[in-house]
Amino acid sequence: MTKGKYVIVRTYSAGVFAGVMKSRKGQEVELTKARRLWYWDGAASLSQMAIQGVKAPANCKFAMPVDVLLTQAIEILAVTKAAQKNIEAVPVWQR
């Protein structure tokens, strides 16, 4: 995966994040503008989300963007431009 690209990262215990990869060293991945993907609707898998985005953005729970260092990345998926635009358009979920 290339620095500066939008990716989805699944971690061992911190959940799933989508954001711009700043750096990667082994299982450590640093993301900027990263959103924690708490719940999604309209994608059967992270692989589908990385290619197509979600089909029911109003039902998704994606947190506000932050910069984050993930220390146990176990899957990194490249995201298409169309899927990135779709993910970024999901309203921020907060309480």
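**Strands, cores and a surface patch**

Val92 sits in the segment that follows helix H2. In this predicted model, Val92 is a handy place to begin, as it shows up again at the surface. Together with Met64 and Val66, Val92 makes a nonpolar surface patch of about 230 Å². Val92 has a relative accessible area of 40%, so it counts as partly exposed. Its patch neighbour Val66 also has a role in strand pairing, since Val66 in S5 is the bridge partner of Ala34.

That brings up the strands. Working from the N terminus, S1 and S2 pair in the antiparallel sense, with 5 bridges between them. One of the matched pairs here is Tyr6 with Val20, the latter in S2. The two strands form a hairpin that leaves 4 residues between them. In that turn, Gly15 has a positive phi of about 100 degrees.

S2 then goes on to S3, again antiparallel, and this time 7 bridges do the joining. Two of the facing pairs can be picked out: Met21 stands opposite Leu31 in S3, while Ala18 has Arg35 of S3 across from it. S2 and S3 make a hairpin too, with 2 residues between the strands. Gly26 takes a positive phi in this hairpin, near 60 degrees.

S3, which covers residues 28-39, has further partners. It pairs with S5 (residues 66-70) over 4 bridges, in the antiparallel sense. S3 is also joined to S4, a strand of residues 61-62, by 2 bridges, and these strands run antiparallel as well. Within that pairing, Tyr39 has Lys61 of S4 as its bridge partner.

One residue of S3 deserves a closer look. Lys33 lies in this strand, and its phi is near 50 degrees, a positive value in a residue that is not glycine. Most residues other than glycine have a negative phi. As for its surroundings, Lys33 has a relative accessibility of 58% and therefore counts as exposed, the cut-off being over 50%.

What about the inside? The largest nonpolar core is made of 17 residues. Those with the most contacts inside this core are Ile8, Met49, Val54, Phe62, Val79 and Ile87. Strands S1 (6-11) and S2 (16-25) each give two or more residues to the core, and so do helices H1 (46-52) and H2 (81-89). H1 supplies the largest share, 3 residues.

Ile8 gives a good view of how this core is put together. Leaving aside residues up to four places away in sequence, Ile8 touches Val16, Phe17 and Ala18, along with Leu46, Met49 and Ala50. The list of its contacts also takes in Glu75, Ile76, Leu77, Val79 and Ile87. Met49, Val79 and Ile87 are thus contacts of Ile8 and also appear among the core residues with the most contacts.

Apart from this core lies another one, of 11 residues. Its members include Val9, Ala34, Leu70 and Ala73. Ala34 is the residue already met as the bridge partner of Val66 in S5, and Val66 in turn belongs to the surface patch with Met64 and Val92.

Terms used
Residues are numbered from 1 along each chain as its sequence is written. This is a predicted model: local features need pLDDT of at least 70, side-chain atom pairs count only at pLDDT 80 or more; totals for chains, interfaces and linings use all residues. Side-chain values use heavy atoms; hydrogens and water are left out. A nonpolar core is a set of buried Ala, Val, Leu, Ile, Met, Phe, Trp, Tyr and Cys residues joined through side-chain atoms within 4.5 Å. Buried means under 20% relative accessible area, exposed over 50%, partly exposed in between (1.4 Å probe, protein chains only). Contact means heavy atoms within 4.5 Å. Patches are made of residues with over 30% relative accessible area and no salt bridge: like charges are joined within 9 Å, nonpolar side chains (Val, Leu, Ile, Met, Phe, Trp, Tyr) within 5 Å. Accessible areas come from the Shrake-Rupley method with a 1.4 Å probe; for residues, only the protein chains shown count as cover. A salt bridge is a side-chain nitrogen of Lys or Arg within 4 Å of a carboxyl oxygen of Asp or Glu. Two strands pair if DSSP finds at least two bridges between them.
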